[in-house]
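These are my notebook entries on a structure that is new to me. I write down what I looked up, one topic at a time.

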Amino acid sequence: MTTPHTIAIDGPAASGKSTLGKLLADHFGYIYFDTGVLYRALTYVALEQAVDLANAAALAKLAQTTNFDVLAPSIADGRQYTVLANGNDITWPLRAANVERNVSQVAAHPAVREALRDTQRQIGKAGHVVMAGRDIGAVIMPDAQLKIYLDASVEERAQRRAQELNARGRAISYNEVLADLTRRDAIDAANTFLAADAITISTDGRSPEDVFQAIVNLMGVEAQA
Ligand SMILES: Nc1ncnc2c1ncn2[C@@H]1O[C@H](COP(=O)(O)OP(=O)(O)O)[C@@H](O)[C@H]1O
Ligand SMILES: Nc1ccn([C@@H]2O[C@H](COP(=O)(O)OP(=O)(O)O)[C@@H](O)[C@H]2O)c(=O)n1
């Protein structure tokens, strides 16, 4: 396979999309874009402005009238990117409990997905991008030359996410994370797609490097890991 111009990575929460996405983006010198950031940013702004999260039209309007920027990290505090909403840095609040609790409800509205679709597609059209989410290979970038679907058991994903959150100082138990991922998975299912031409990889018990190597081997491209 020649080097893919665009790469799509889909899968449920904490399946390893961002980790693999960044490894692939670094390997090919591409940008990595985590579309979940857009849904989280919209959820955060909606909560801040007390918008009714059941009101699809109001949420879609907020998506169209808020200026979201996803930039390279501006502060070395462990952030993967800097997210601005109308110029305000909202990077870390996107990972807070209130956003985690509500983002799937916001993302489930077709009008919200439509309102955020063009932004994602514009980034994809530029090429040389690794884009992660739930519907990238099937909806946002159907022409992506490489489509990956990552999966892992909800128990393994909860273990990873609990470790990740605890490492960031958030006191949350494995069981709480397991319950939240189970809830989110159920709501997200309607908009999570395994594209017919996607490579499916289960990441249970496999290191990020092993998953990365498996992908580059499949592409026949020697990884200078
Ligand atoms: N293959 C893996 N094995 C173990 N931990 C992993 C693996 N891939 C990712 N992780 C860890 O799991 C957590 C979630 O990974 P992430 O890439 O952010 O998932 P996603 O982007 O799918 O939500 C992170 O702490 C990450 O370091
Ligand atoms: N392409 C996408 C990306 C995220 N989302 C929604 O946004 C939420 C947060 O996405 P995320 O990728 O940041 O979440 P994690 O997988 O990192 O936990 C998901 O739970 C989905 O509800 C979506 O609907 N479509």
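**Entry 1: two backbone angles.** I began with Ala50, which is exposed in this predicted model because its relative accessible area is 69%, and the cut-off for exposed is over 50%. I found Ala50 in the loop between α2 and α3, and I noted that its phi is positive, at about 55°, although Ala50 is not a glycine. I marked this down because most residues other than glycine have a negative phi. I then turned to His128, where phi is again a positive value, near 50°, in a residue other than glycine. His128 sits in the loop between α5 and β6, and with a relative accessibility of 42% it counts as partly exposed.

**Entry 2: the nonpolar cores.** Which residues have the most contacts inside the largest nonpolar core? I found that they are Leu42 and Met141, in a core of 35 residues. I listed the elements that give two or more residues to this core, and they are α2 (36-48), α3 (56-65), β4 (82-85), α4 (97-107), α5 (110-125), β6 (129-133) and α6 (136-140). The element that gives the most to this core is α2, with 8 residues. I followed Leu42 further and, leaving out residues up to four places away in sequence, saw that it touches Leu59, Leu62, Ala63, Phe68, Val106, Val112 and Leu116. I also recorded a second core, separate from the other, which has 20 residues and includes Ala132, Ile148, Phe212 and Val216.

**Entry 3: the largest pocket.** I read off a volume of about 950 Å³ for the largest pocket. Its lining is made up of 47 residues, and those that lie nearest its centre are Ala14, Lys17, Ser18, Arg95 and Arg161. Which helix gives the most to this lining? It is α7 (residues 154-167), with 5 residues. When I sorted the lining of the largest pocket by class, I had 15 nonpolar, 16 polar and 16 charged residues.

**Entry 4: an annotated stretch.** I checked the UniProt record, an unreviewed entry, and its "binding site" annotation covers Gly11, Pro12, Ala13, Ala14, Ser15, Gly16, Lys17, Ser18 and Thr19. From this set, Ala13, Ala14, Ser15, Gly16, Lys17, Ser18 and Thr19 belong to the lining of the largest pocket. I looked at two glycines of the set one after the other. Gly11 is in the loop between β1 (6-10) and α1, and it counts as buried because its relative accessibility is 0%. Setting aside neighbours within four places in sequence, I found Gly11 in contact with Lys17, Gly133, Arg134, Tyr149 and Leu150. Gly16 also has its place in the loop between β1 and α1, but Gly16 is partly exposed, with a relative accessible area of 24%. With neighbours within four places in sequence again left aside, Gly16 is in contact with Leu150 and Arg160.

**Entry 5: Thr203.** I located Thr203 in the loop between β8 (199-202) and α9 (208-219). Is Thr203 buried or exposed? I noted it as buried, since its relative accessibility is 4% and buried means under 20%. Beyond neighbours within four places in sequence, Thr203 is in contact with Ser15, Leu150, Asp151, Ala152, Arg160 and Val211.

**Entry 6: the second largest pocket.** I noted about 450 Å³ of space in the second largest pocket. Of its 26 lining residues, Tyr32, Phe33, Asp34, Val70 and Leu71 are the closest to its centre. The elements that give two or more residues to this lining are α1 (17-28), β2 (31-34), α2, α3, β3 (68-71) and α5. By class, I recorded 17 nonpolar, 5 polar and 4 charged residues in the lining of the second largest pocket.

**Entry 7: the cavity.** How many cavities of 30 Å³ or more does a search of the whole structure find? It finds 1, and about 30 Å³ of space lies in this largest cavity. I listed its lining as Ala8, Asp10, Gly137, Lys147, Ile148, Tyr149, Phe193, Leu194, Ala195 and Ala198. The elements that give two or more residues to it are β1 and β7 (146-151), and the largest share, 3 residues, comes from β7. I closed with the classes, which are 7 nonpolar, 1 polar and 2 charged residues in the lining of the largest cavity.

Key. Residues are numbered from 1 along each chain as its sequence is written. Chains are lettered from A and ligands numbered from 1 in the order in which they are written. This is a predicted model: local features need pLDDT of at least 70, side-chain atom pairs count only at pLDDT 80 or more; totals for chains, interfaces and linings use all residues. Side-chain values use heavy atoms; hydrogens and water are left out. A nonpolar core is a set of buried Ala, Val, Leu, Ile, Met, Phe, Trp, Tyr and Cys residues joined through side-chain atoms within 4.5 Å. Buried means under 20% relative accessible area, exposed over 50%, partly exposed in between (1.4 Å probe, protein chains only). Helices (H or I, at least four residues) and strands (E, at least two) are DSSP runs, numbered from the N terminus. Contact means heavy atoms within 4.5 Å. On a 1 Å grid over the protein atoms alone, a cavity is a set of points where a 1.4 Å probe fits but cannot get out, and a pocket is an open set with protein on both sides within 12 Å along at least five of seven lines; lining residues have an atom within 4 Å of a point. Grid points are joined across faces, edges and corners, and a volume is the space filled by probe spheres set on the points. Ala, Val, Leu, Ile, Met, Phe, Trp, Tyr, Cys and Pro count as nonpolar, Asp, Glu, Lys and Arg as charged, and the others, Gly among them, as polar. UniProt positions are given in the numbering used here, feature names are shortened, and annotations may be inferred rather than shown by experiment.
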